[in-house]
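Dear colleague,

Please find below the structure I promised to pass on, with the sequence beside it. My notes on what was found in it follow, arranged so that you can read them with the model open.

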Amino acid sequence: MHGPASPGWLLVALCAATGAYCLLRMRSTVEEQRRAAGGEALMGFGMAAMAVPAAVVSPPSWAWPVYAAVFGTAALRALWAARTSAHHLHHLVGASAMVYMAVVMAAAPGHHAGHGTTSGVPLVTGALLLYFMGYVLLSGVRLIPVAAGGGAVGWTDRPELARACRLSMGIAMVAMLITL
């Protein structure tokens with residue numbers, strides 16, 4: 001994405017760490033959690049790859065269509081899965097946002113922030129920003145502890161950690177859309 005290198009690398013680290021934890025969550029005993037964790041791991045690692053600062057490593061021209069195809073496939077899978085769980089609608093919006101960003105980056109590979117021009121369709125970018133800002137706020141509220149739970153729970157089955165990962169990916173998505 002466009003923008004300074006230091007925050008870009010922090011965004012890469014955040015998304016990669018989130019993707020790695022989602023891979024661990026795929027070992028859960030709950031089948032639905034394993035499936036959701038797989039999609040979230042793909043998003044985390046894909047966001048990490050897209051967030052690499054362009055000033056440091058400029059991706060080849062074929063990378064953006066590949067990102068668009070991978071996340072387009074993920075969006076179709078999320079659409080199919082949304083028949084049984086509304087949670088997958090968020091995955092659909094996230095994967096669609098990744099497709100949108102990949103298409104914008106493919107169309108304007110030489111654009112850098114601060115040059116007086118914008119990338120993308122402002123209405124679409126704005127709508128995605130509003131959605132993800134709302135999602136971040138709602139996810140943050142859901143992290144507020146209600147009551148202490150009992151029992152020993154493994155790292156892969158901790159719902160508060162899964163929520164924290166979703167929150168961090170939502171924050172990263174807002175950052176990526178702002179720097180688009």
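**Helix 1 and what it packs against**

In helix 1, the buried residues are Gly8, Leu11, Val12, Cys15, Thr18, Gly19, Tyr21, Cys22 and Arg25. Before going further, please bear in mind that this is a predicted model. An α-helix has 3.6 residues a turn, so residues three or four places apart point the same way, and you may like to keep that in mind when reading the list. Helix 1 runs over residues 5-25, and its 21 residues reach 30 Å from the first C-alpha to the last, close to the 30 Å expected at 1.5 Å a residue. Its buried residues pack against helix 2 (31-50) and helix 6 (159-178).

**The protein as a whole**

The protein has 6 helices and 0 strands, and read along the sequence it follows the pattern α-α-α-α-α-α. Of its 180 residues, 39% are buried. Among the contacts with a separation of 6 or more, 78% are between residues 24 or more positions apart. The accessible surface comes to about 9700 Å², and 71% of that surface belongs to carbon and sulfur atoms.

**Helices 2 and 6**

Helix 2 has 20 residues and reaches 29 Å from its first C-alpha to its last, close to the 28 Å expected at 1.5 Å a residue. Its buried residues are Gln33, Ala36, Ala37, Glu40, Ala41, Met43, Gly44, Gly46, Met47, Ala48 and Met50, and what covers them includes helix 1, helix 3, helix 4 and helix 6.

For helix 6, the 20 residues should span 28 Å at 1.5 Å a residue, and the end C-alpha atoms are 29 Å apart, which agrees. The buried residues here are Ala162, Cys165, Arg166, Leu167, Ser168, Met169, Gly170, Ala172, Met173, Val174, Met176 and Leu177, and they pack against helix 1, helix 2, helix 4 and helix 5.

Two residues of helix 6 show how parts of the chain that are distant in sequence are placed in space. Pro159, which has its place in helix 6, is 126 residues from Gln33 in sequence, while the two C-alpha atoms are 9.5 Å apart in space; Pro159 counts as partly exposed because its relative accessibility is 46%, whereas Gln33 is among the buried residues of helix 2. Ala175 is also found in helix 6, and its C-alpha atom is separated by 8.3 Å from that of Leu11, although their positions lie 164 residues apart along the chain. With a relative accessible area of 30%, Ala175 is partly exposed, while Leu11 belongs to the buried residues of helix 1.

**The nonpolar cores**

Which residues have the most contacts inside the largest nonpolar core? In this core of 32 residues, they are Met47, Met50, Met98, Met101 and Met173. Helix 1, helix 2, helix 3 (63-81), helix 4 (87-107), helix 5 (122-142) and helix 6 each supply at least two residues of the core. Apart from it lies another core, of 5 residues, including Ala74, Ala75, Ala78 and Leu92.

Met47 is worth a look on the model: leaving aside its neighbours within four places in sequence, it is in contact with Cys15, Met98, Met169, Ala172, Met173 and Met176. Of these partners, Cys15 is one of the buried residues of helix 1, while Met169, Ala172, Met173 and Met176 are among those buried in helix 6.

**Helix 3 and the aromatic residues**

Ala81 lies in helix 3 and counts as buried because its relative accessibility is 17%, under the 20% cut-off. Ala81 and His91 are 10 residues apart in sequence, and their C-alpha atoms are 9.5 Å apart in space. Elsewhere on the chain, Arg83 lies over the face of Trp80, at 3.7 Å from the ring centre.

A search of the whole structure finds 3 aromatic pairs. In one of them, Tyr131 and Phe132 are arranged edge-to-face, with 5.0 Å from centre to centre and 85 degrees between the planes. Is each of these two residues buried or partly exposed? Tyr131 counts as partly exposed, at 30% relative accessibility, whereas Phe132 is buried, with a relative accessible area of 2%. Ring pairs link Tyr131, Phe132 and Tyr135 into a cluster.

With best regards

Notes
Residues numbered from 1 in each chain as written. Predicted model: local features only at pLDDT ≥ 70, side-chain atom pairs only at ≥ 80, totals over all residues. Heavy atoms only, no water. Helix = DSSP H or I, 4+ residues; strand = E, 2+ residues; numbered from the N terminus. Expected span 1.5 Å × (residues − 1). Buried < 20%, exposed > 50% of the residue type's maximum accessible area, 1.4 Å probe, protein only. Contact = heavy atoms within 4.5 Å. Phe/Tyr/Trp six-rings, centres within 6.5 Å; stacked < 30°, edge-to-face > 60°. Lys NZ or Arg CZ within 6 Å of the ring centre and 35° of its normal. Core = buried A, V, L, I, M, F, W, Y, C linked by side-chain atoms within 4.5 Å. Areas by Shrake-Rupley, 256 points an atom, 1.4 Å probe, with all protein chains shown as cover.
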